[in-house]
Amino acid sequence: MQAELSLFLRQHYFPALPHNAKEAVGKLVQFLVSRGVKMIASDFDLTITTQHTGGFASKNSERYRSLLRSVSRDFCELGQMFEGAGLKISIVSFADRNSCRDRDEERGGSDLIIDILKASQAPFQVESIIDRYPANYQDPEDYSPLGLKEPMRMSKSYHLKSLCQEYGLQKHQILLLDDSLENCNVAVQEGYPSLGVLGGEGFRFEILTDDFRR
């Protein structure tokens, strides 16, 4: 599937940029559907958003208020295209509520993600949120309750496997969208088609990549 995706990008997507970006994305969505993709597993920070949340933020801070306005305009359009084609959207994030469990004034993990999506009036629905930071699950007392027999890998492996199990999907039916090219590379090695988001400023139509060697 990744080889087919790469070929499509080179033949139909990249040549249309930047002048026909929306048309190119529409064709990309159609291609994904034609290849049996059922779900988009999207990273949150610097993929859906134009700012990095750091996983948590104080509710009384200016940074929190800024994050509430940080959903990428292009991702809003992309999300609507995904929904229109019948593709579900799930968020796979390293933001983790357990990172701020002892700080009552802070919002973290899925709580922060939901705050941002609501405040930004994101025009797409999110099916589920997998919010686990692997560094928090390196000891048996932390990873065993999740059904893991070894420390969580520093990638989106756990997140993607969780989606497969929860929704009864095969690996080729989930596309990872992530600004971490390393996460994309690991996902491809494990059998998940993936697209990287370059630029460090959130999703834009013209900055997708399938080259994860950078």
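Reader: Which helices and which strand each supply at least two residues of the lining of the largest cavity?

Author: A cavity is a space where a probe fits but cannot get out, and in this predicted model the helices that each supply at least two residues of the lining of the largest cavity are H2 (21-34) and H4 (73-84), together with strand E6. The largest share comes from H2, with four residues.

Reader: What volume does the largest cavity have, and which residues lie nearest its centre?

Author: The volume of the largest cavity is about 70 Å³, and the structure holds one cavity of 30 Å³ or more. Its lining is made of 13 residues, with Leu-28, Leu-78, Phe-82, Leu-195 and Leu-208 nearest the centre.

Reader: How many residues of that lining are nonpolar, polar and charged?

Author: By class, the lining of the largest cavity has 13 nonpolar residues, while polar and charged residues are absent from it.

Reader: In what order do the strands of the open sheet stand, and which of them are the edge strands?

Author: The order of a sheet follows from which strands pair with one another, and here the open sheet of six strands reads E5-E3-E1-E6-E7-E8, with mixed pairing. Its edge strands are E5 (128-131) and E8 (208-209), each of which pairs on one side only.

Reader: How many bridges join strand E1 to strand E6, and do these strands run parallel or antiparallel?

Author: Strand E1 (residues 39-42) and strand E6 (residues 174-178) run parallel and are joined by four bridges. To find a place where the two can be compared by eye, look at Ala-41, which stands opposite Leu-176 in E6.

Reader: Which strands does helix H8 lie across, and at what angle does it run to E7?

Author: An angle between two such elements compares their N-to-C directions. Helix H8 (residues 181-190) lies across E6, E7 (194-197) and E8, and its angle to E7 is about 175°.

Reader: What volume does the largest pocket have, and which residues are the closest to its centre?

Author: A pocket, unlike a cavity, is an open set of points, and the largest pocket has a volume of about 370 Å³. It is lined by 16 residues, and the closest to its centre are Leu-148, Glu-150, Ser-157, Tyr-158 and Lys-161. Helix H7 (residues 157-167) gives the largest share of this lining, five residues. By class, the lining of the largest pocket holds six nonpolar, four polar and six charged residues.

Reader: How much space lies in the second largest pocket, and what classes of residue make up its lining?

Author: The second largest pocket holds about 260 Å³ of space, and among the 17 residues lining it Asp-45, His-52, Ser-93, Phe-94 and Ala-95 are the closest to its centre. Sorted by class, the lining of the second largest pocket has four nonpolar, seven polar and six charged residues.

Reader: How many salt bridges does the structure hold, and which residue forms one with Asp-210?

Author: The structure holds 13 salt bridges, and one of them pairs Asp-210 with Arg-10, whose closest N and O atoms are 2.7 Å apart. This pair links distant parts of the chain, 200 residues apart, with Arg-10 in helix H1 (residues 2-13) and Asp-210 in the segment after E8.

Reader: Where is the cis peptide bond, and which residue has a positive phi although it is not a glycine?

Author: The cis peptide bond joins Leu-17 and Pro-18, with omega about 0°, and Pro-18 is placed in the loop between H1 and H2. The residue with a positive phi, about 65°, is Leu-46, which lies in the loop between E1 and strand E2 (56-58).

Technical notes: Residues are numbered from 1 along each chain as its sequence is written. This is a predicted model: local features need pLDDT of at least 70, side-chain atom pairs count only at pLDDT 80 or more; totals for chains, interfaces and linings use all residues. Side-chain values use heavy atoms; hydrogens and water are left out. On a 1 Å grid over the protein atoms alone, a cavity is a set of points where a 1.4 Å probe fits but cannot get out, and a pocket is an open set with protein on both sides within 12 Å along at least five of seven lines; lining residues have an atom within 4 Å of a point. Grid points are joined across faces, edges and corners, and a volume is the space filled by probe spheres set on the points. Ala, Val, Leu, Ile, Met, Phe, Trp, Tyr, Cys and Pro count as nonpolar, Asp, Glu, Lys and Arg as charged, and the others, Gly among them, as polar. Two strands pair if DSSP finds at least two bridges between them. Contact means heavy atoms within 4.5 Å. Axes are lines fitted to C-alpha atoms, for helices over the stretch in contact, and angles run from 0 to 180 degrees between N-to-C directions. A salt bridge is a side-chain nitrogen of Lys or Arg within 4 Å of a carboxyl oxygen of Asp or Glu.
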